[in-house]
Amino acid sequence: MRFTNVCGMLGNPNFYGDPYQEHTAEKIEQLKTMNINTVFVNIAWSRPWIDAVNLENVAVSASFPLLSDMEEVERHRRSLAARVDAVKAAGLQAFALFGIPRYFDFANYPESYGVLKGSTLSTISPGDSVACVRSPEVRRLYRELFADLLAHMPELDGMQVYTYDELAEVCDEDSDCPRCRGIPADERIPAFLNGLHEDLQALKPGFELWWEPWELSAAQTYRITERLDPAIGLALHSTLHEVYFVNETDQWFRNLAAIASDQGRKVVGEIFAGGSGEDLGNIAGYPSPRLVYQQIQALARVPGVTGMKEYFGFPLEYASVNEETMRLVARDPYRPWDGVEDALAEAYAADEEGRRIRRFWEYAARAVEFIPWELSWVLRFGNLPPYAEYWGARFVDLFKTPWSTPSWLSNRRSFYLVVDGETNFTKRMQLDLIERLRMAADWLDRAAAEAGGTRVREAKRAGFGLQREAVAMLGHMVKCRLHHLELSYLADRLRAGQEEPEAGTVVRRIASLLEAELDNAVGWMQLLQRSDVPYTFRGGDGSALKHETIAATIGRIEEAKGGVGAEGSCGLARALFLTDYLLTAGKRLFTLTE
């Protein structure tokens with residue numbers, strides 16, 4: 001089918017603020033050329049330092065004004081209202097995204113605000129409590145926030161809400177909330193959402209409300225959808241576990257679309273269609289046009305799907321061939337791939353040069369397909385940057401997921417191998433993961449080699465250079481993961497008491513790995529220093545990862561490499577000592593006795 005809504009936004013969680021989120025007429029026109037007709041005016045993404053995430057960031061409740069900071073509200077009102085006006089001036093729909101109901105630390109507010117409180121402990125944000133959807137005062141809070149929002153942005157056309165994530169959460173039926181304990185989610189959430197929709201219609205008839213059923217179990221989302229007002233749309237990740245470039249759709253998505261189709265409800269599928277995504281991390285302009293095409297086609301094939309949403313955002317300063325694919329496919333998702341690829345390549349070069357560009361794009365796509373994403377949600381390169389905490393622990397210890405939302409306690413465990421334990425992280429699994437990461441790295445090397453020396457048309461040179469840099473960037477990050485995993489695997493073997501001569505072979509392999517990783521780390525830092533793209537990586541505490549931090553980690557790798565010696569000439573005890581030194585961020589947990 002053709003899509004009723006094609007959604008996107010300017011900027012993304014990696015590239016935000018000015019100039020990336022400037023809603024100029026020129027940029028909005030670029031979105032229109034990608035067939036986008038619905039523009040989200042805030043990034044949200046649980047990042048309040050970027051944009052408004054919750055209604056409390058942009059509106060004030062008369063009954064509970066202290067939940068909003070007026071200085072923050074005025075700042076967000078100005079920026080969002082200006083974006084709404086710019087989008088409407090271009091003839092497009094303007095939508096916002098918010099987490100509802102927001103969780104709070106009620107200790108920071110007057111005792112009277114306790115009427116909002118539900119579960120004492122948030123499953124997402126330790127120290128915070130949940131605002132209960134069964135509290136009449138919570139309904140009143142959001143009615144007042146809606147009224148204030150629309151008073152300042154009357155041209156806003158719609159809103160997508162998360163009831164989990166985006167700094168929002170609902171009480172669990174097993175929580176200590178006296179209103180919700182023992183009552184299934186499908187007997188609580190539909191009434192809340194239907195009430196929100198009713199309030200919005202009273203304020204602005206025709207205003208659209210879409211619900212994102214994230215962090216709930218599959219059965220909960222099915223039952224809740226059955227009870228929702230059919231006028232409330234669904235915005236769905238392409239699969240129950242996450243959005244990835246390599247995803248198409250899963251049975252959960254298709255089941256929800258079928259339920260919604262029977263009800264006459266809108267369904268908007270979410271994908272990655274720009275030059276980056278959570279899976280690829282802080283990369284700009286990555287070239288994987290076939291993966292974008294496959295995601296769009298997959299949505300179009302599902303009965304009941306009425307729209308698509310590019311889920312991560314477009315920093316148009318770093319647009320890639322992926323955005324060009326959107327221009328060709330979003331309007332006509334059934335267009336054959338061969339024709340799309342021909343049109344894309346012809347814009348860059350003809351004849352043999354054009355064929356090399358096709359191979360470059362294909363090899364870059366295959367690299368993404370060979371990465372073992374099912375290992376862990378944390379494997380996504382947007383979660384853990386190289387050379388920060390990345391070398392500070394055993395590989396598997398970094399990939400455990402701490403949350404206990406309904407989805408994490410149920411269905412997401414059926415996809416990810418590592419959640420909160422190591423049962424599935426067997427020797428055979430580790431060897432499989434090592435080999436698949438090695439194959440992904442090989443595809444990236446082949447892509448880089450194919451692009452080297454390729455001549456493109458003058459108008460495409462800058463864009464093609466960015467695509468090559470993106471492939472190099474992902475190559476460094478994949479190799480870092482590969483070396484870290486294999487070094488952790490070998491260190492575990494040494495701890496298990498391997499005897500000579502096998503131990504000697506292991507030590508020599510450790511030496512070669514450290515040498516390869518030292519080259520890789522130095523190459524990655526040099527890429528960051530010479531690039532014109534302002535890449536920003538963050539450490540585990542959310543602070544910017546500075547070049548000095550990277551250099552310090554490189555220093556530890558170099559120190560370990562020197563200690564192991566040429567071709568692993570050191571003894572077994574020293575190899576284990578140095579390996580553990582590297583895998584614990586310089587904390588010497590073992591005593592050297594040799």
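## Cysteines without a bond

The sulfur of C132 lies 3.5 Å from the closest cysteine sulfur, which belongs to C180, and this is too far for a bond. A disulfide is a covalent bond between the sulfur atoms of two cysteines. Because a disulfide requires the two sulfur atoms to be within 2.5 Å, the distance of 3.5 Å between C132 and C180 does not qualify. By this rule, the count of disulfides comes to zero. The structure described here is a predicted model.

C132 is buried, with a relative accessible area of 0%. C480 is likewise buried, and its relative accessible area is 0%.

## Overall form

The protein contains 15 helices and eight strands. For its 594 residues, a compact globule would have a radius of gyration near 25 Å, and the value of 25 Å found for the protein agrees with this. Taken along the principal axes, the C-alpha atoms fill a box of roughly 75 × 60 × 45 Å.

Of the 594 residues, 59% are buried. The protein exposes about 22,100 Å², and carbon and sulfur atoms supply 50% of that area. Among contacts between residues at least 6 apart in sequence, 76% join residues at least 24 apart.

## N5 in strand 1

N5 belongs to strand 1, which covers residues 5-8. N5 is buried, with a relative accessible area of 2%. Its side chain makes two polar contacts with other side chains: one with Q93 at 3.1 Å, and one with K266 at 2.8 Å.

Setting aside residues up to four places away in sequence, N5 touches N37, T38, Q93, W210, K266, T306, G307 and M308. N5 and G269 are separated by 264 residues in sequence, while their C-alpha atoms are 9.9 Å apart in space.

## E242 in a loop

E242 is found in the loop between strand 6 (233-237) and helix 6 (251-263). Although located in a loop, E242 is buried, with a relative accessible area of 3%. Residues up to four places away in sequence aside, E242 touches W214, H237, N247, E278, W377, R380, R412 and Y416.

## Helix 8 and its surroundings

Helix 8 spans residues 321-329 and is mostly covered, with seven of its nine residues buried. These buried residues are V321, N322, E323, E324, T325, M326 and V329. The elements that cover them include strand 1, helix 7 (289-301), strand 8 (307-310), helix 9 (337-348), helix 10 and helix 12.

The N-terminal end of helix 8 is capped by S320, which has a side-chain oxygen 3.0 Å from the backbone nitrogen of N322.

## Helix 11 and Q430

Helix 11 comprises 25 residues, from 427 to 451. From its first C-alpha to its last, helix 11 reaches 36 Å, close to the 36 Å expected at 1.5 Å a residue. The buried residues of helix 11 include L433, I434, L437, W443 and L444. These buried positions pack against helix 10 (351-370) and helix 12 (461-495). Helix 11 is followed by G453, whose phi is positive, near 80°.

Q430 is found in helix 11 and counts as buried at 8% relative accessibility. A polar atom of the Q430 side chain lies 3.3 Å from the backbone oxygen of F425. Leaving aside neighbours within four places in sequence, Q430 is in contact with F425, L485 and Y489.

## Notable backbone geometry

Two cis peptide bonds may be noted, each preceding a proline: one joins D18 and P19, with omega about 5°, and one joins I100 and P101, with omega about 0°. P19 lies in the loop between strand 1 and helix 1 (25-33). P101 is in the loop between strand 3 (93-99) and helix 3 (136-152).

L167 is not a glycine, yet its phi is positive, at about 60°. L167 is placed in the loop between strand 4 (158-162) and helix 4 (189-203). D351, also not a glycine, has a positive phi of about 55°. D351 is found in helix 10 and is exposed, with a relative accessible area of 62%.

Conventions
Residues numbered from 1 in each chain as written. Predicted model: local features only at pLDDT ≥ 70, side-chain atom pairs only at ≥ 80, totals over all residues. Heavy atoms only, no water. Helix = DSSP H or I, 4+ residues; strand = E, 2+ residues; numbered from the N terminus. Buried < 20%, exposed > 50% of the residue type's maximum accessible area, 1.4 Å probe, protein only. Contact = heavy atoms within 4.5 Å. Polar contact = N/O pair within 3.5 Å; in protein donor to acceptor, adjacent residues only side chain to side chain. Expected span 1.5 Å × (residues − 1). Rg over C-alpha atoms; globule rule 2.2 N^0.38 Å. Areas by Shrake-Rupley, 256 points an atom, 1.4 Å probe, with all protein chains shown as cover.
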